Amino acid sequence: MAGLTFSNVSKLYAGTPALDGIDAEIAKGEFVALLGPSGCGKTTLLRLTAGFEMPDRGRVTLGGRVLADGTVFVPPEDRNVGIVFQSYALWPHKCVAGNVSYPLEVRGIAASERKRRVAEALELTGLSSFADRAPAQLSGGQRQRVALARCLVADPQAVLLDEPLANLDLALRGAMQEAFAAFHRRTGATMVYVTHDQTEALALADRVAVMESGRIRQFAAPETLYDQPQDCFVAGFVGDGAVVKVDRAGTPVDGEVVVHALGQEIEARGHGMTPTHICIRPEQVRVDSDGSITARVTSCTYQGGRFRVSLEAAGETLITHVPIRAKIGEELRLSLQYPWAFCDPVGTTAIPGQAHA
Ligand code: ATP
């Protein structure tokens, strides 16, 4: 399906790459999140798609049409791409319907057609009863929905969203996430959503591109990123848990491999090359009186219905969840339930919790 493609796209600022050889294919109708730490290049990739920046190398296509390469550069207004900014960017003197109608007026669409399309866009975003209000009379979430309606009314081939919920409080973010998901289901639009909040990315997107230093580290479904991270960066950046170097390991056979880590032989999941690390998620760490790993509790925090416990075992920090508060300094026996083993000889780890907003 002809969606949005990036082929070897690079962008330099004063000789420093903000994007470094991006290769990615986003299918028509797919909801993709760009996730990564500050400065990794998410916004640059979005701006390049919108036509606000020109790539120094590579090609961007949408629906099979070249938007930018060494010889072609389609200006933003001719790209048929909609953008929703963090700051809403609404006209303060126009009412909701006036804001939504504006892109159609610019295109010279007849009044009756405009009216129909504005009504449809307001309906899709749940704003029909706010048509005559001024932006100043709306909440942050409602303003963001106006921006979404304005983007949608022009019937874009792709919708680009740049941290659209960053200005909203936590409760409203949850509600708006549902609004975005519903919007995507109803319109089937191709959506690219920039965020540094992994909860948002994992909740909303069909696939997430985890970026670091201008590169895509892994581009996969949320559950794949969590269960089978490709390298230490992704393992440490996405989700909770521990990334532990293995001392030695066998070769994976039929999706299983035995590794030596934490002073133990550990049965792990894995395929491909001989693993160098394991990623141990909290739910893979069991408190088990028959377990072969001895660990000491170093912290315990309540997380609503359960406690998050940090444990020190053989010089590594493991995380698990328990139903009853654990005592600091308490010694526990643990067993591991098939952590994920992967090969990353370079092995740079993201700072744990970096992605948590
Ligand atoms: P954030 O989450 O903080 O918004 P980001 O992942 O969106 O970050 P970008 O805004 O794409 O990151 O920036 C990528 C890199 O390019 C950064 O190092 C940034 O300082 C640099 N950069 C971005 N725009 C410019 C510019 N106009 N001139 C010079 N450097 C820039």
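This is a walk through the ligand site and the domain arrangement of a predicted model.

Let's begin at the ligand. Its surroundings are made up of Tyr13, Ala18, the run of Pro37, Ser38, Gly39, Cys40, Gly41, Lys42, Thr43 and Thr44, and finally Glu163. If you sort this shell by class, you will find four nonpolar, five polar and two charged residues. Which element contributes the largest share of the shell? That is helix H1, residues 42-50, which supplies three residues.

Now zoom in on the backbone just ahead of that helix. Gly39 places a polar backbone atom 2.8 Å from an oxygen atom of the ligand. For Cys40, the distance from a polar backbone atom to a ligand oxygen is 3.1 Å. Gly41 joins in as well, with a backbone N or O atom 3.0 Å from an oxygen atom of the ligand. How much of the ligand does the protein bury? Of the 640 Å² that the ligand exposes when taken alone, the protein buries 55%.

With the site in mind, step back to the whole protein. The domain assignment splits the protein into domain 1, covering 4-223, and domain 2, covering 234-342. Their C-alpha centres are 38 Å apart. Where the two domains meet, domain 1 brings eight residues to the contact and domain 2 brings four.

What does that interface look like in terms of area? About 510 Å² is buried between domain 1 and domain 2, and carbon and sulfur atoms give 75% of it. On the domain 1 side, three names are worth highlighting in your viewer: Gln198, Val210 and Gln218 together supply 56% of the area that domain 1 buries against domain 2, more than any other three residues.

Key:
Residues are numbered from 1 along each chain as its sequence is written. This is a predicted model: local features need pLDDT of at least 70, side-chain atom pairs count only at pLDDT 80 or more; totals for chains, interfaces and linings use all residues. Side-chain values use heavy atoms; hydrogens and water are left out. A residue is near a molecule or strand if one of its heavy atoms lies within 4 Å of it. A polar contact is a pair of N or O atoms within 3.5 Å; within protein, one must be able to donate a hydrogen and the other to accept it, and residues adjacent in sequence count only if both atoms are side-chain atoms. Accessible areas come from the Shrake-Rupley method with a 1.4 Å probe; for residues, only the protein chains shown count as cover. Helices (H or I, at least four residues) and strands (E, at least two) are DSSP runs, numbered from the N terminus. Ala, Val, Leu, Ile, Met, Phe, Trp, Tyr, Cys and Pro count as nonpolar, Asp, Glu, Lys and Arg as charged, and the others, Gly among them, as polar. Domain bounds come from an automatic or database domain assignment. Contact means heavy atoms within 4.5 Å. Buried area is the accessible area (1.4 Å probe) that two parts lose on being put together, summed over both.
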